[in-house]
Amino acid sequence: MATVDQLVNDSESTAKMLRESVKPLCRFCNTRLQHTFVDLGMSPLCESFLSSTQLNQMEPFYPLHVHVCSNCFLVQLEAYVSPEHIFTDYAYFSSYSDSWLAHAKAYTEQMRNRFSLGNSSLVVEVASNDGYLLQYFVQQGIPVLGIEPAANVAPEAVKKGVTTLVKFFGTETARELTAAGKQADLLLGNNVLAQVPDLNDFVAGMKILLKPQGILTMEFPHLQRLMEENQFDTIYHEHFSYFSSLTAEKIFAAHGLTLFDVEEIPTHGGSLRIYGRHAEDVSKPASARVIELRAREESAGYRRMETYSQFSEQVKETKRKLLEFLIQAKARGKKIAGYGAPGKGNTLLNYCAIRTDFLDYTVDRNPYKHGKFLPGTHIPIYPPEHIRETRPDFLLILPWNLKDEIIKQNAFIREWGGKFVVPIPEVRIHE
Ligand SMILES: [Zn+2]
């Protein structure tokens, strides 16, 4: 007969097993995720802007609890919400940022020259949005195909002459296109890899769609920049994965793709542009940049759990400093407005609990957002002209990655002594 002690032990181990079984699995290597990278609490979906009639209704909040895998070190968020829900009516139109358009244009010229693309090539972009990038290939007479799941942005792309397939990308879409005789000489995806819940199916799809001598490039925020520069606000429900070059290399290699070059670029606070090829295509040797970055990440500890576990405390400290600034400014009777309504702003404002008690309003250039309210914090969104009408003392720049562009466009606030505030990596005032 079991003793009381044995029964207690049994029920404790059952409880432990149950707790373990609800922990998510790594989306790349299937290891059970035991380690927290950072827990930003509960937050609404960052692109779910509210109309005034929705303000009195219940609003769904989901956890922003990020894990790091102890086996492959992929930093990741569970897909709490299905991509269908997030991306079918997406409010983000890439073409509303001048600097992002300039970046896209420069990329197309660089690729055309480096890889000798011409009118017999095919350039395929996954998550082609409103055609912000492929339009420049079209202008150069290079055939393109955009693949974009958000039905509301695709018609904008078609207006720019960008043939667009309204679909999610993965092995199924890749097989359909290949069967129809379409394979890519250049296959690209900017800021999409992070947003893919089924990472293995996505990368396997790239392997299928790429011509034998084809090149793929992908841009995504660099985990090292996120950690070193406190960019915790770039964590949101739509971003499922956060990559170092070491982890990206491992994931592509698992699908027969080799990264032969990498560039560190300034977009989105510091991104990587990786260049991949089929593992079988030995015509493209690894560049010195790939080898150097791998060595740098290794020596910075990106293969050790301790490196990841200190991030949480750094984030809490950033929150305390931002609140300290806002409280002091309000105590001095200052008026504070926001600039921009980006996804990252919503993570920051919800995590720090900044509502209209601190920010009177925010503005955005995207007319789709005017008259709406930020999710969770219910801060109203106006057109940029509202700044001149209300003359705030401080303008808190939420898309800090575009701060130079925004400060230049809004230099007129200095007429009444207005100042710019950039919250990340830590509060800084620009007079
Ligand atoms: Zn893993």
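These legends go with several close-up views of one predicted model.

**View 1. Four cysteines hold a zinc ion.**
Here the sulfur (SG) atoms of C26, C29, C69 and C72 coordinate the zinc ion, at 2.2 to 2.3 Å. What is the geometry of this site? It's tetrahedral, with angles of 101 to 120° among the four donor atoms. If you look for the donors in the sequence, you'll find them spaced C-x2-C-x39-C-x2-C.

**View 2. C29 and C69 come from distant parts of the chain.**
This view picks out two of the zinc donors, C29 and C69, which sit 40 residues apart. C29 belongs to the loop between helix 1 (4-21) and strand 1 (35-43). C69 belongs to the loop between strand 2 (62-68) and strand 3 (75-77). Is each one buried or exposed? C69 has 0% relative accessibility, so it counts as buried. C29, at 24%, counts as partly exposed, because buried would mean under 20%.

**View 3. The largest nonpolar core has 59 residues.**
Nonpolar side chains tend to be buried together in soluble globular proteins. In this model, the residues with the most contacts inside the largest core are F37, F232, I235, Y308, I354 and I387. Which helix gives the most to this core? That's helix 12 (residues 311-331), with seven residues. There's also a second, separate core of 39 residues, and A184, L193, F243 and V290 are among them.

**View 4. A closer look at I354 and its contacts.**
I354 is one of the residues with the most contacts inside the largest core. So what does I354 touch, once you leave aside its neighbours within four places in sequence? The list is L322, L323, L326, L349, L359, T377 and I379.

**View 5. Strand 11 is largely enclosed by the rest of the structure.**
Strand 11 covers residues 271-278, and eight of its eight residues are buried, which is why it counts as largely enclosed. Strand 8 (residues 210-221) pairs with strand 11 in the antiparallel sense, over six bridges. Look for M218, which stands opposite I274 in strand 11. Strand 10 (residues 257-265) also runs antiparallel to strand 11, and eight bridges join the two. One of the pairs to find here is L257 with its bridge partner H278 in strand 11.

**View 6. The turn of the hairpin made by strand 10 and strand 11.**
How many residues lie between the two strands of this hairpin? There are five, and in this hairpin H268 takes a positive phi near 50°.

Definitions and conventions
Residues are numbered from 1 along each chain as its sequence is written. This is a predicted model: local features need pLDDT of at least 70, side-chain atom pairs count only at pLDDT 80 or more; totals for chains, interfaces and linings use all residues. Side-chain values use heavy atoms; hydrogens and water are left out. A nonpolar core is a set of buried Ala, Val, Leu, Ile, Met, Phe, Trp, Tyr and Cys residues joined through side-chain atoms within 4.5 Å. Buried means under 20% relative accessible area, exposed over 50%, partly exposed in between (1.4 Å probe, protein chains only). Helices (H or I, at least four residues) and strands (E, at least two) are DSSP runs, numbered from the N terminus. Contact means heavy atoms within 4.5 Å. Donors are N, O and S atoms within 2.8 Å of the metal (3.2 Å for Na, K and Ca); water is not among the atoms, so sites may look incomplete. Four donors count as tetrahedral if all angles lie between 85 and 135 degrees; four count as square planar and six as octahedral if opposite donors are over 155 degrees apart and all others between 65 and 115; anything else is irregular. Two strands pair if DSSP finds at least two bridges between them.
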